[in-house]
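Visitor: I have a structure open and do not know where to start. Can you show me how to read it?

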There are 10 protein chains.
Amino acid sequence: MTDRFRNMLETFDNPYPKRDYTVEIVCPEFTSVCPKTGQPDFGTLTITYAPEAVCVELKSLKLYLQQFRNEGIYYENVTNRIADDLTAVLRPRRLTLTASFTPRGGISTTVTVRYPES
Amino acid sequence: MTDRFRNMLETFDNPYPKRDYTVEIVCPEFTSVCPKTGQPDFGTLTITYAPEAVCVELKSLKLYLQQFRNEGIYYENVTNRIADDLTAVLRPRRLTLTASFTPRGGISTTVTVRYPES
Amino acid sequence: MTDRFRNMLETFDNPYPKRDYTVEIVCPEFTSVCPKTGQPDFGTLTITYAPEAVCVELKSLKLYLQQFRNEGIYYENVTNRIADDLTAVLRPRRLTLTASFTPRGGISTTVTVRYPES
Amino acid sequence: MTDRFRNMLETFDNPYPKRDYTVEIVCPEFTSVCPKTGQPDFGTLTITYAPEAVCVELKSLKLYLQQFRNEGIYYENVTNRIADDLTAVLRPRRLTLTASFTPRGGISTTVTVRYPES
Amino acid sequence: MTDRFRNMLETFDNPYPKRDYTVEIVCPEFTSVCPKTGQPDFGTLTITYAPEAVCVELKSLKLYLQQFRNEGIYYENVTNRIADDLTAVLRPRRLTLTASFTPRGGISTTVTVRYPES
Amino acid sequence: MTDRFRNMLETFDNPYPKRDYTVEIVCPEFTSVCPKTGQPDFGTLTITYAPEAVCVELKSLKLYLQQFRNEGIYYENVTNRIADDLTAVLRPRRLTLTASFTPRGGISTTVTVRYPES
Amino acid sequence: MTDRFRNMLETFDNPYPKRDYTVEIVCPEFTSVCPKTGQPDFGTLTITYAPEAVCVELKSLKLYLQQFRNEGIYYENVTNRIADDLTAVLRPRRLTLTASFTPRGGISTTVTVRYPES
Amino acid sequence: MTDRFRNMLETFDNPYPKRDYTVEIVCPEFTSVCPKTGQPDFGTLTITYAPEAVCVELKSLKLYLQQFRNEGIYYENVTNRIADDLTAVLRPRRLTLTASFTPRGGISTTVTVRYPES
Amino acid sequence: MTDRFRNMLETFDNPYPKRDYTVEIVCPEFTSVCPKTGQPDFGTLTITYAPEAVCVELKSLKLYLQQFRNEGIYYENVTNRIADDLTAVLRPRRLTLTASFTPRGGISTTVTVRYPES
Amino acid sequence: MTDRFRNMLETFDNPYPKRDYTVEIVCPEFTSVCPKTGQPDFGTLTITYAPEAVCVELKSLKLYLQQFRNEGIYYENVTNRIADDLTAVLRPRRLTLTASFTPRGGISTTVTVRYPES
């Protein structure tokens, strides 16, 4: 069930599939909802990956991330779930996802997931 | 005795316990009291850890840190003590605690503790 | 009752009482307590005044502001109260007090009081 | 109809109603939806007002602003509408609302409304 | 002839035509061509206006500005021309256009046009 | 066909061919066109290389990059293509090309290519 | 004699001579020589003017400013002299010249000249 | 007695005595001693003046300010005293002196003196 | 003789002597005198050390550093000397001292000493 | 011939010759002339070295660098030449020279030379 938004992610053929290079995508407008309080959370996602056969299509990525707008989900959970979705669809050489959330109660949180785990 | 605030720290089950990932928590509103002068100290705590079985619950962390508000304790001592409490409760794969205190007499201090020691 | 900390403020003779000049004092370590939630608030106070007969003594100002550390009081109230205390003790030509509080629920607040009102 | 969220705004008695002073509130987590494209918009609202009989209660302001989360509305419209709601409920001496929206198509927009108009 | 791109600018009805308020639009991706050297120029346009009957539609503004991409025109000329086009189409209460161009030969230039002239 | 602009790149003899040193070139005025939407893209290219027999002549590099001004090409493709052209002409000891593009739909992208792949 | 570089300044016809608008030119690469010590001075010149009949041509301005490269002249003198030259050649509606010099002996200096004097 | 360092200040003839222009001098390396605690104070002095017949010679200004290095004197006193010395020696059209001191006890202070008083 | 200020440095028992952790101390108000010109030098000292049996007491460190206020000594010499004093008194696991001096003649200098040498 | 300015560089005995430590010198006021266009180039030189028997005397370094003020020389050439001169005179344990030049034609360049080559 955690992968129900996954099929929104579209890809296109990597134009240089033989080369090991890096794409970094920064999404400062991520928002979801805290499952405990019902209050919205706001954060910046940074995706860094080395494409293998395919690259992620940016408009589909934007629409995929918008699905979380009214989704109740914890920081640690949403970050791992998006990393799982991206890794499953892109099958990248490697991928890092960093999610930095704005302060709540004077405390701000950043979650980082790496694939493969180093 | 150094662990008398420790039981305020609550945890929740790590949703991805098999993955080695990182959570960074920044608390810029830490304050305690200098045991020598009785004057308040102010600092920013940065906690970076890789959860094992559990994650720290943020609201309990906030309340735990507020216990030091009127506690007389030196920089080096409070930083090590909080690191001990977090490590005992979270049993993390690894944890770093950095405490940056605002200037006193034109001198500012930062204490950093790592677990396990590298 | 609102002036019970006021007598902690000490002054010294203005060395140039005939000249209209300005003193700005910035106190980034102000903290009080929210009377509704019991949670601590944090802010930066900026005092700008033109002394008449006396100047405020800085150490007494620091100790005066520390009295609010465990005081339950709203933003609008504490700012006006401190402005009242400073104006009563210093009898300045003019004074502006700006209090900027750190974010709560993603919202940050700044209160500004001027004497005399322009 | 433009005022259907208005009754969510709560107030409390201005503790210093006779003094002309200023409150600035910054809300960097505002989000609504573009009525043309259905895409989310993101912006920072800055409210500056001089209270008369009442002050705005911050938690109610947060919840009021969250009502726009899934509302389809243009920049110029939402800024004027919020200014209208705040002015109607607070009846302030004066109020300025500035809404700065993040870039779309390489273009960023800021709308500013003042009450009374100068 | 200077107004041949002007008809690309579209407008929509000002939702609050009776109120004197301000819209600021920043376009950091402006580019045209130096008529003397044939080299591309790059700059940031900032449009600040108070709408009367209509507001400028942002997508049409973007497309209008893109017309200058391969146009050979001097700094002073292009800034005045765009100000003329915007003023003719919007008939605003007032408008300021600031064009900041990136350095050439170690010298950077900013041109500012105001309507009406103050 | 991807190398049709390549012959615009000129070189001059490396004055210190026996030394392994580094040249970094930053080009903040790169612009091309999105092949899908026809909209212009804007970015900053950073070229870091260790010259072998020759160095790149800066004016020819500027003119070469200007060829992409009206070229419809994706981020991943243009970055790899420019890296290929530079590597073919310069035959450097090593080269890194980083292309950072401005936000589209609230998302910004950076592509990095290294030669030889590490 | 103070105007011996003046005839290097070239102008072109103001394309909008009837409008009162502003041109700001920043030259961060100004250098001259201290007449007392023989050491080079470095500064940033900012020229802001409202053109009347003519505008200054930027390349000629650059070459004019380069004449001071080996000229021994004090800060106050060179700033006033350049302001005189620009005012004599441009006959502007108004002009401000600000020259900010880098620190010497831990002291930095900025000289500002306005025409006409306000 | 307050003027015993004054005669160290040297001047030179204003090269443009008929013009009303401005010189700003920033001295970030000012240090004196607190007369109460004997601890050193550190600050940045900013002098802005419009010269009449003479300008201040910068090296003499540096040496004059160094006299305060081991002088026990309060913030408000030293700022007014330096302003008096500069005004007496330069007889300027107008002068502003701003002295910003680094934090002590978490509190920083800036004193500003203007001549003539506005 | 180089160690004549050394006995001013006081220590206290390291509260966690078995743990390898780090303390960073920043002192932006260091000043000494150039032995060649007699002019004051200004710099920022950054001390980073891992305590063994003892920690440095901050007030004694402040007083120790103030001893150099009127001491004529070169950059390279004073940095190594302070590093020697700290290492002799603290007997730390490791220590780094970085001294950054403000510009002289447009040139700024930073000296870094590590113990043990890596 | 490339070493004709070299003998201007003076040294003094390293006060701690047995210790491996580092000196960083930043010179933001470097200027030379482009041999192709005759236009002045501006840059910042950063020298980082570990002294062996001698240290570089800063005033002689300043005068040495001023020799390039009217010298026509390319970026790659001047950086390697200064690195050669410094290495020949200082015989350091290691040295890095980084030269960052300001933009020309929208392109900025940085050249880095290391000794010994790693």
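Guide: We will go feature by feature, from confidence to contacts.

Visitor: What confidence does the predictor give the complex, as ipTM and pTM?

Guide: Remember that this is a predicted model. The predictor gives the complex an ipTM of 0.93 and a pTM of 0.95. Then look at a single chain. Chain A has a mean pLDDT of 95. In chain A, 97% of the residues reach 70 or more. Keep one rule in mind: where pLDDT is low, predicted coordinates should not be read in detail.

Visitor: Next, the helices. What span should the 16 residues of helix α2 of chain B have?

Guide: Count residues, then use the rise of 1.5 Å a residue. Helix α2(B), residues 75-90, should span 22 Å. Its end C-alpha atoms are 22 Å apart, which agrees. Now try chain H. Helix α2(H) also covers residues 75-90 and has 16 residues. From first C-alpha to last, α2(H) reaches 22 Å, close to the expected 22 Å.

Visitor: How many of the 16 residues of α2(B) are buried?

Guide: A residue counts as buried if 20 or more other C-beta atoms lie within 10 Å of its own. In α2(B), twelve of the 16 residues are buried, so the helix is largely enclosed by the rest of the structure. Among them are Tyr75(B), Val78(B), Ile82(B), Leu86(B) and Leu90(B). Charged side chains appear in the list too, including Glu76(B), Arg81(B) and Asp85(B). Helix α2(H) is mostly covered, with twelve of its 16 residues buried. The buried residues of α2(H) include Tyr75(H), Asn80(H), Ala83(H) and Val89(H).

Visitor: Which residue follows α2(B), and what is the sign of its phi?

Guide: Arg91(B) follows α2(B), and its phi is positive, near 45°. In chain H, Arg91(H) comes just after α2(H) and takes a positive phi of about 45°.

Visitor: Take one residue. Is Leu86(A) buried or exposed?

Guide: Place the residue, then count around it. Leu86(A) sits in helix α2(A), residues 75-90. It is buried, because 23 other C-beta atoms lie within 10 Å. Next, ask what it touches. Leaving out residues up to four places away in sequence, Leu86(A) touches Ile47(A), Leu95(A) and Leu97(A). Sequence distance is another thing to check. Tyr115(A) is 29 residues from Leu86(A) along the chain, and their C-alpha atoms are separated by 10 Å.

Visitor: Now strands. In which sense do β3 and β5 of chain I run?

Guide: Look at the direction and count the bridges. Strand β3(I), residues 40-50, and strand β5(I), residues 94-104, run antiparallel and are joined by eight bridges. Ala50(I) stands opposite Arg94(I) of β5(I). Strand β5(I) also pairs with β6(I), residues 107-115. That pairing is antiparallel, over eight bridges. Here Thr98(I) has Thr112(I) of β6(I) as its bridge partner. The hairpin of β5(I) and β6(I) has two residues between the strands. In that hairpin, Gly105(I) takes a positive phi near 60°.

Visitor: How many residues of chain F are in contact with chain A?

Guide: Count each side, then ask which elements supply it. Here 14 residues of chain F are in contact with 18 residues of chain A. On chain F, α2 (75-90) and β6 (107-115) each supply at least two residues of the touching side. The largest share comes from β6(F), with seven residues. By class, this side of chain F has three nonpolar, eight polar and three charged residues. Strands meet across the chains as well. β2(A), residues 22-33, pairs with β6(F) in the antiparallel sense over five bridges. There, Val26(A) has Ser108(F) as its bridge partner.

Visitor: Which chains do not touch?

Guide: Chain B and chain G do not touch, and their nearest C-alpha atoms are 20 Å apart. Chain H and chain J do not touch either, with nearest C-alpha atoms 18 Å apart.

Visitor: Last one. What turn lays chain F on chain A?

Guide: Start with the idea: two copies of a chain are related by a rotation about an axis and a shift along it. A turn of 72° and a shift of 0.1 Å along the axis lay chain F on chain A, with an RMSD of 0.0 Å. That is the relation of a five-fold axis. Chain D is superposed on chain E by a rotation of 72° with 0.1 Å of shift, at an RMSD of 0.0 Å.

Methods
Residues are numbered from 1 along each chain as its sequence is written. Chains are lettered from A and ligands numbered from 1 in the order in which they are written. This is a predicted model: local features need pLDDT of at least 70, side-chain atom pairs count only at pLDDT 80 or more; totals for chains, interfaces and linings use all residues. Two residues are in contact if their C-beta atoms, placed from the backbone, lie within 7 Å. Helices (H or I, at least four residues) and strands (E, at least two) are DSSP runs, numbered from the N terminus. Two strands pair if DSSP finds at least two bridges between them. The expected span of a helix is 1.5 Å times one less than its number of residues. Copies are superposed by least squares on the C-alpha atoms of residues with pLDDT of at least 70 in both. pLDDT is the predictor's confidence in each residue, from 0 to 100.
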